[in-house]
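Biologist: I am new to this structure and would like to learn how to read it. Could we take the features one at a time?

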Amino acid sequence: MSGKLFLGTVLSAGLALPALPALAVSVHIEPPMRSERPVTKVQACGWFIVLRCGRSQRAARSFLDRLGGPGVGGGAGTRVIDTNQYPNFRNGFYCVMDGPYSSRGAAESIAWREAVPDAYVKSGC
């Protein structure tokens with residue numbers, strides 16, 4: 001017998017509903033976990049030539065423009081990245097980087113130190 005039919009029959013006959021056991025439901029909701037690093041997808045893994053880093057995105061873009069703009073460099077593509085998106089970089093910086101390259105040796109073979117003496121190679125992942 002369906003629940004609707006049973007309930008309708010009980011109510012129309014003036015009968016009392018059968019006692020049902022009380023259900024105790026306890027709901028525990030965990031607050032969202034805070035992460036020091038936002039959950040984002042890394043743009044690309046590999047080895048990068050770090051040309052300059054700082055807290056200002058505007059200053060990083062200006063430096064990139066002085067070097068010749070996006071894409072200038074060793075062929076992998078020079079750009080400004082947000083370090084929050086790369087697990088091996090410290091959060092809160094904007095870096096002008098060339099890469100990614102498939103190996104440390106490939107990145108080190110690019111002659112950026114002639115233009116940027118402080119350039120160094122670092123893994124992004």
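Modeller: We can start with a single residue. C95 has a relative accessible area of 1% and is buried, since buried means under 20%. Keep in mind that this is a predicted model.

Biologist: Which residue does C95 join through a disulfide?

Modeller: A disulfide is read from the distance between two cysteine sulfur atoms. Here C53 and C95 are joined, with 1.9 Å from S to S. C53 lies in strand β1 and C95 in strand β3, and the two are 42 residues apart, so the pair links distant parts of the chain. The torsion about their S-S bond is about 110°, so this disulfide is right-handed.

Biologist: Is C53 buried or partly exposed?

Modeller: C53 counts as partly exposed, because its relative accessibility is 34%. C95, at the other end of the bond, is buried.

Biologist: How many disulfides does the structure hold?

Modeller: There are two disulfides. In the other, C45 is bonded to C125 at an S to S distance of 2.0 Å. C45 sits in the loop between α1 (3-12) and β1, while C125 belongs to the segment after β4, 80 residues apart. The torsion about that S-S bond is about -95°, so the disulfide is left-handed. C125 is partly exposed, with 32% relative accessibility. Counting bonded cysteines along the chain, the pattern is 1-4, 2-3.

Biologist: You keep naming strands. What pattern do helices and strands follow along the sequence?

Modeller: The protein chain has three helices and four strands. Read along the sequence, they come as α-β-α-β-β-α-β.

Biologist: What order do the strands take in the sheet?

Modeller: The general idea first: strands of a sheet pair through backbone hydrogen bonds, either parallel or antiparallel. In this structure the four strands form an open sheet in the order β2-β3-β1-β4, with antiparallel pairing. β2 (78-82) and β4 are at the edges and have a single partner strand each, so one side of each lacks a neighbour in the sheet. From one strand to the next, the twist averages 45°.

Biologist: How many bridges join β1 to β4?

Modeller: Four bridges join these antiparallel strands. Two of the pairs can be followed residue by residue: W47 has S123 as its bridge partner in β4, and I49 has V121.

Biologist: Which residues of β4 are on its covered face?

Modeller: A strand can have one face covered and the other not. For β4 (residues 120-123), V121 and S123 are on the covered face, whereas Y120 and K122 are on the uncovered one.

Biologist: Which strands does α2 touch?

Modeller: α2 packs on the sheet and touches β1, β2 and β3. The direction of α2 makes about 55° with that of β3.

Biologist: Now the interior. Which residues touch the most other members of the largest nonpolar core?

Modeller: A nonpolar core is read as a group of buried residues joined through their side chains. The largest one here has 13 residues, and I49, L51, V96, W112, V116 and A119 touch the most other members. At least two residues come from each of β1 (47-54), α2 (57-67) and β3 (94-101). α2 gives the largest share, three residues.

Biologist: Which residues is L51 in contact with, leaving aside its neighbours within four places in sequence?

Modeller: L51 is in contact with F63, L67, T78, V96, W112, V116 and A119. A second, separate core has seven residues, including Y86, F89, C95 and M97. C95, the buried cysteine from the start, thus appears again.

Biologist: How much of the whole chain is buried?

Modeller: Of the 125 residues in the protein chain, 25% are buried. The accessible surface comes to about 8,900 Å², and carbon and sulfur atoms account for 57% of that surface.

Biologist: What share of the contacts join residues at least 24 apart?

Modeller: Among contacts between residues at least 6 apart in sequence, the share is 65%. As a separate example of distance along the chain, take A106 in helix α3 (residues 104-108). A106 and W47 are 59 residues apart along the chain, with their C-alpha atoms separated by 8.3 Å. A106 counts as partly exposed, at 26% relative accessibility.

Terms used. Residues numbered from 1 in each chain as written. Predicted model: local features only at pLDDT ≥ 70, side-chain atom pairs only at ≥ 80, totals over all residues. Heavy atoms only, no water. Core = buried A, V, L, I, M, F, W, Y, C linked by side-chain atoms within 4.5 Å. Buried < 20%, exposed > 50% of the residue type's maximum accessible area, 1.4 Å probe, protein only. Contact = heavy atoms within 4.5 Å. Pairing = 2+ DSSP bridges. Areas by Shrake-Rupley, 256 points an atom, 1.4 Å probe, with all protein chains shown as cover. Disulfide = S-S within 2.5 Å. Axes fitted to C-alpha atoms, helices over the stretch in contact; angles between N-to-C directions.
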